[in-house]
Amino acid sequence: MESNPSIMKVQGACNRPSNHLSIRPSVRPSIARLSPLLLGWHLLGVSMAKDPVRVLVTGAAGQIGYALVPMIARGVMLGPDQPVILHMLDIPPAAEALNGVRMELVDAAFPLLKGVVATTDAVEACTGVNIAVMVGGFPRKEGMERKDVMSKNVSIYKSQASALEAYAAPNCKVLVVANPANTNALILKEFAPSIPAKNITCLTRLDHNRALGQISERLTVQVSDVKNVIIWGNHSSTQYPDVSHATVKTPSGEKPVRELVSDDAWLRGEFITTVQQRGAAIIKARKLSSALSAASSACDHIRDWVLGTPEGTWVSMGVYSDGSYNVPAGLIYSFPVTCNAGEWTIVQGLSVDEFSRKKLDATAEELSEEKALAYSCLS
């Protein structure tokens, strides 16, 4: 996934004057100006239209941001009847590019888009947001040590946490996309104590979708007929794509993926490494990192979190570990989850064989090492 340096803040409507690029949302009509019929419905407590949801995208002028904001404006993230106000933040050197994105949003005339705030000012960008998609981060550059990259991102996400703490709307939901996504989310969680841990997540839905795609291609079935793969652990090359409980819809009912593939060597070898290394393969092919698929999976992550997962289906999300499946508590770790009424719940009671246990432990160990490295950067 692309990383793009950007610092954000996030809460309530921003009323102060600004020199930054923005289109202000129109003022809602007063009740007195509503038609008698609409007024009657209003007095009965029936809402005729949804209030806009404010969605923040950091690093919005970058590749993922450019792919993501039109999806949000079109209703891919929150549904075809949910108006949105987009808050876009990037660093000052990207201000001109950000204005270009703003102009394109205007030109696209999205009916659901009720306003745009495009700015390099973190307070303006983050004021009142209900959902924050954290695409901005510091990318690893040639010659940089792992600790150097971690130190840069710790600094950014500590600042972002303070901004969320001060400015986000109540119950703001946060999705961290920038790498190292799990540990960036953990740092953000640690320095925004008033935000519930359950409201801070990281993106492993991209890996989940990649796993669905590989099974779909292998079996020559529709990807929508494959469900319940699992991504365990870190969004890194230690992640464990697991099909032990995955199924495929067939004319004769749901069948286990393992039974239909009938090739354990592939499922425990090439399948896993293909999903783990898919991002590198795309960079090799495009000479650029995953953008379209990352943006699409971010929409999937938020949509299912807010609107719920289908009955009998789970998805993968990086969430704060409570010790389930003997994963150390206090890590942001990818688990299978179901979502309902805006809340996620880790799927419990799934069997874990010896092969899987080793994979779960290996990725947890890497996350523990990342956590220790991140905390060493704070001292």
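1. Two strands pair if DSSP finds at least two bridges between them. In this predicted model, strand S11 (residues 247-250) and S12 meet that condition, since they pair in the antiparallel sense over four bridges. Within this pairing, threonine 247 stands opposite proline 256 in S12.

2. S11 and S12 belong to an open sheet of three strands, ordered S8-S11-S12, with antiparallel pairing. Which strands stand at the edges of this sheet? They are strand S8 (226-227) and strand S12 (253-256); each has a single partner strand, so one side of each is left without a neighbour in the sheet.

3. Some overall figures help to place these details. The protein has 13 helices and 15 strands. Of its 379 residues, 51% count as buried. The exposed area of the protein is about 16900 Å², and carbon and sulfur atoms supply 54% of that area.

4. A parallel arrangement is found around strand S2 (residues 53-58). Four bridges join S2 to S5, and the two run parallel. Valine 57 has valine 133 of S5 as its bridge partner. S2 is also joined to strand S3 (residues 84-89), by six bridges and again in parallel. Here valine 53 is partnered by valine 84 in S3. Between S2 and S3 the chain passes through H2, and this β-α-β crossover is right-handed.

5. How many residues of S2 are buried? The count is six of six, and the strand is described as mostly covered. Neither face is left open: Val53, Val55 and Val57 are buried on one side, and Arg54, Leu56 and Thr58 are buried on the other. The buried set on the second side thus takes in Arg54 and Thr58 along with Leu56.

6. Strand S5 (residues 131-134) shows a similar pattern of cover. Ile131 and Val133 point one way, Ala132 and Met134 point the other way, and all are buried. Besides its pairing with S2, S5 is joined by four bridges to strand S6 (residues 173-176), and these two strands run parallel. Alanine 132 stands opposite valine 174 in S6. Together with helix H5 (residues 146-167), S5 and S6 make a right-handed β-α-β unit.

7. In soluble globular proteins, nonpolar side chains tend to be buried together. The largest nonpolar core in this model has 74 residues, and those touching the most other members are Leu68, Met77, Met88, Leu105, Phe271 and Phe335. Helix H2 (residues 63-74) gives the most to this core, with seven residues. A second, separate core has 35 residues, including Val149, Val154, Ile200 and Cys202.

8. Methionine 88 deserves a separate entry. Not counting residues up to four places away in sequence, methionine 88 touches Val57, Ala60, Val69, Leu98, Val101, Arg102, Leu105, Val116, Val117, Ala118 and Thr119. One of these, Val57, is also the S2 residue whose bridge partner in S5 is valine 133. Leu105, another residue on the list, is itself named with Met88 among the core residues that touch the most other members.

9. Two polar residues are worth checking in the structure; one is asparagine 182, in helix H6 (residues 181-190). Is asparagine 182 buried or exposed? Its relative accessible area is 1%, and buried means under 20%, so asparagine 182 is buried. The side chain of asparagine 182 reaches the backbone oxygen of isoleucine 332 at 2.9 Å. Leaving aside neighbours within four places in sequence, asparagine 182 is in contact with Cys202, Gly233, Asn234, His235, Ile332, Tyr333, Ser334 and Leu367. Cys202 in that list is a member of the second core.

10. The other is serine 297, placed in helix H12 (residues 292-307). Serine 297 has a relative accessible area of 0%, which means that serine 297 is buried. Where does the side chain of serine 297 have a polar atom 3.0 Å from a backbone oxygen? That backbone oxygen belongs to alanine 294. Beyond neighbours within four places in sequence, the contacts of serine 297 are Leu203, Arg205, Leu206 and Asn209.

Note on methods
Residues are numbered from 1 along each chain as its sequence is written. This is a predicted model: local features need pLDDT of at least 70, side-chain atom pairs count only at pLDDT 80 or more; totals for chains, interfaces and linings use all residues. Side-chain values use heavy atoms; hydrogens and water are left out. Buried means under 20% relative accessible area, exposed over 50%, partly exposed in between (1.4 Å probe, protein chains only). A polar contact is a pair of N or O atoms within 3.5 Å; within protein, one must be able to donate a hydrogen and the other to accept it, and residues adjacent in sequence count only if both atoms are side-chain atoms. Contact means heavy atoms within 4.5 Å. A nonpolar core is a set of buried Ala, Val, Leu, Ile, Met, Phe, Trp, Tyr and Cys residues joined through side-chain atoms within 4.5 Å. Accessible areas come from the Shrake-Rupley method with a 1.4 Å probe; for residues, only the protein chains shown count as cover. A crossover is right-handed if, with the strands pointing away from the viewer, the path from the first strand over the helix to the second runs clockwise.
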